[in-house]
Structure formats: structure tokens, C-alpha cells
Amino acid sequence: MTAAVIPSPRRIAVVGAGAVGASAAARIAERGIEVVLISAAAAGSTPVSRASFAWVNAHGKRPEQYRRLNEDGRRVHAERSDAHDTEWFARTGAEIDGVQYPDDGWVDTSAFLAAQLADLRAAGGMLRDGIAADSLDHVRELLGPVDLILVAAGAGTAALLRTVTPCPRLATSAGDDGFLARIDVDEHPLDRIRSLAGLQVRPDGPGRIAVQSLGIEAELRRTGATASVGTVWPALRAEIEGALGWRIPEDAGVRVDHAIRPHAADGLPCIGRVTQDVYVALTHSGITLAPLLAELIARDLQGDPDPRLAAFRP
Ligand SMILES: Cc1cc2nc3c(=O)[nH]c(=O)nc-3n(C[C@H](O)[C@H](O)[C@H](O)COP(=O)(O)OP(=O)(O)OC[C@H]3O[C@@H](n4cnc5c(N)ncnc54)[C@H](O)[C@@H]3O)c2cc1C
């Protein structure tokens with residue numbers, strides 16, 4: 001028996017305008033498919049994109065297919081960012097416990113999302129933000145007939161798919177809460193990403209650094225506290241000054257964002273059809289992977305599956 005051929009969709013709803021959904025919507029629209037992107041969060045930024053350390057890397061990623069996917073993601077970031085009017089990838093290199101990784105870098109997530117949304121509009125796609133869908137039927141009611149719904153709703157993905165698929169990998173889409181502190185410092189010695197025993201620090205544009213501490217995150221989880229300037233800053237300042245040996249001015253401005261890390265139950269990407277007309281795109285390391293996955297998803301929907309997705313199907 002031959003497998004049924006699924007016709008290429010002509011009209012698609014993409015739910016979720018984070019890194020994954022916005023870039024997939026743009027690449028799909030560029031292939032001539034009518035796309036409507038809807039999103040609860042105002043487009044251009046999401047709580048997760050604001051809290052993300054946004055390090056584009058493949059360190060410690062297992063299994064091997066996942067590590068390679070992240071390496072390919074890093075290459076696609078560099079190529080696409082270089083070629084775009086809006087550059088988003090800063091290839092600063094990274095230093096982990098003294099070892100250099102020159103190809104790593106970080107993403108300005110606002111610039112990245114702005115570039116994807118501009119590409120979507122240029123390709124004729126539509127954006128409707130400020131709309132929280134209660135269900136996929138709600139999406140259909142809002143948008144009228146669509147051939148396929150691509151669910152890229154980050155931590156909200158499992159709730160939207162609960163009645164659609166029993167897939168155990170999609171039993172949850174919410175991982176640990178994490179935070180990012182942005183610190184305004186006129187002068188600092190950081191020219192690359194640095195990772196030292198759970199403290200990760202990088203430049204964040206002129207006059208600002210971005211920091212995350214896995215140790216402080218774990219302590220917040222233990223005590224049940226939420227990351228904020230009040231709960232994080234005194235310990236974080238001491239950790240940065242101790243690890244890097246430089247003093248942060250007393251009056252430095254500090255902002256703390258926190259968000260849940262979206263991912264599937266097993267922590268690996270979950271990319272593909274869950275039914276004939278519903279497709280899921282859920283992953284951790286979504287900043288590193290978004291531009292690559294967007295290309296692979298757009299091809300997949302037109303019957304050109306990439307072997308790199310085979311290990312990550314729902
Ligand atoms: C603290 C932290 C540090 C991180 N560090 C890194 C890192 O260094 N490198 C890296 O590659 N990745 C990192 N990540 C992960 C990365 O940031 C995420 O994987 C990526 O941003 C997720 O993008 P997304 O589009 O899947 O989800 P989101 O950005 O959460 O977007 C989901 C979208 O779906 C919408 N939505 C949800 N539910 C609904 C609904 N019912 N109806 C309508 N819209 C809905 C939301 O409004 C939003 O627009 C980190 C994440 C965190 C939290």
C-alpha cells in the first residue's frame with residue numbers, strides 16, 4: 001500500500017509569533033502560501049524572547065542529531081543575518097571556562113523578530129496579534145477556512161493540542177522558569193559570551209550586558225520565589241563581581257525578565273504533523289534553531305521532508 005499524498009496547503013494559520021512561529025510564517029509565505037500569523041502577545045517580542053539569553057550554540061546538546069541541528073542552526077543564523085537589511089546575529093564568539101568557540105554568538109531577539117515580521121509582510125502574509133486562541137476551533141472561527149494550522153505557541157502549545165493528539169511528547173510544553181538580567185554599564189570588558197560555572201554573561205549592545213545565573217535560578221526554584229530585581233540582583237551582582245573580577249557601578253540600571261522555557265516533555269524538538277491539518281513546531285533552544293527549523297518546516301509542508309527532522313517527529 002502506498003502512503004496517501006497530502007496535498008500542499010494553500011492557506012495556513014500559524015499560532016504564535018515568537019522566534020519559531022514568526023520565522024516559520026515568513027518562510028512559508030515566501031513559498032507562495034497564504035499565511036495568517038496570530039498571536040496572544042503583541043508581535044515583535046514575547047516574554048520568552050525578552051528573557052532568553054539567546055546564545056546561538058550547540059554545547060552539551062544531546063543526542064548527536066540534536067547537536068548537529070543546533071550547529072546547522074548557528075550557520076543559518078549567520079548566513080541569513082548577514083544577508084538581511086536588519087542584522088540580528090552578533091558573532092562574538094564564546095569562552096567557556098577558558099576555551100574559545102569563535103563561531104558562537106548571540107541574537108538580538110527584537111531585531112530577529114522584526115526581520116521575520118518584515119519578511120512575512122513583504123511576502124504578503126498577514127499578522128493578527130493580541131488574540132489568544134482558546135482552541136484550534138477558535139482559530140478556525142476567527143480566520144475562516146484554512147488547510148492547516150501550524151501551532152508554534154511555545155509553552156501554550158500543549159493546551160492547544162490536548163484534544164487533538166494523545167502524543168506523550170506533547171503532554172506538556174512548559175519547562176523551567178528562567179531569567180535574564182540586563183545591566184546598564186557604560187564601560188565593560190566583555191567582547192564575547194562568557195560562561196563560568198553556571199554564570200553566563202554577554203554584551204547586549206552598546207552600554208549594556210545580559211546575564212543569567214543557573215545557580216540563582218535553582219535557588220529561586222527551591223524557595224518558590226519569582227525572579228525580579230529585588231530577588232535576584234544582590235546575589236547576581238556578587239556572583240558577577242566574584243567570577244569576572246570587575247566592579248559594577250552602584251547606580252547601574254538593572255532590568256530582570258523571566259519566563260518559562262518552552263519545550264516538549266522529553267526536551268527535544270517536536271516538529272511535524274499531528275493530524276492531517278495540524279502541524280506542531282515546539283522546541284527548546286528555539287533562538288538557535290528558529291531560522292533553520294523555519295526553512296525545514298516550509299519545505300516539509302510542501303512535501304519535501306528533510307532527513308534532519310526524522311528524529312524529532314511528534
Ligand atoms: C531564561 C531563558 C534562557 C534561554 N536561553 C536560550 C539560549 O541561550 N539559546 C537558545 O537558543 N534558546 C534559549 N532559550 C530558549 C528560547 O528563548 C526559546 O526556545 C524560544 O524563544 C521559543 O520561541 P517560541 O516561538 O517557541 O515561543 P514564544 O517566544 O513563547 O512564542 C510563543 C507565541 O505563542 C503565542 N501564544 C501562546 N499561546 C497562544 C494562544 N493560545 N493563542 C494565541 N497565541 C498564543 C504567544 O503569545 C507567543 O507569541 C532560553 C529561554 C529562556 C526562558
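This passage describes a nonpolar core, a helix pair and one glutamate in a predicted model. Local features were accepted at pLDDT of at least 70 and side-chain atom pairs only at pLDDT 80 or more, while totals for chains, interfaces and linings use all residues. Residues are numbered from 1 along each chain as its sequence is written, and side-chain values use heavy atoms, with hydrogens and water left out.

The largest nonpolar core (a set of buried Ala, Val, Leu, Ile, Met, Phe, Trp, Tyr and Cys residues joined through side-chain atoms within 4.5 Å; buried means under 20% relative accessible area, exposed over 50%, and partly exposed in between, with a 1.4 Å probe and protein chains only) has 36 residues, of which Ile12, Ile28, Leu37, Leu150, Tyr279 and Ile297 touch the most other members. The elements giving two or more residues to this core include β1 (11-15), α1 (19-30) and α9 (286-301), where helices (H or I, at least four residues) and strands (E, at least two) are DSSP runs numbered from the N terminus. The largest share, eight residues, comes from α9. Leaving aside residues up to four places away in sequence, isoleucine 12 touches Ile28, Ile33, Glu34, Val35, Val36, Val146, Leu148, Leu150 and Leu301, a contact being heavy atoms within 4.5 Å.

Glutamate 239 lies in helix α8 (residues 229-244) and is partly exposed, with a relative accessible area of 24%. Glutamate 239 touches Leu199, Ser213 and Ile216, not counting residues up to four places away in sequence. Between glutamate 239 and glycine 215, which are 24 residues apart in sequence, the C-alpha to C-alpha distance is 9.6 Å.
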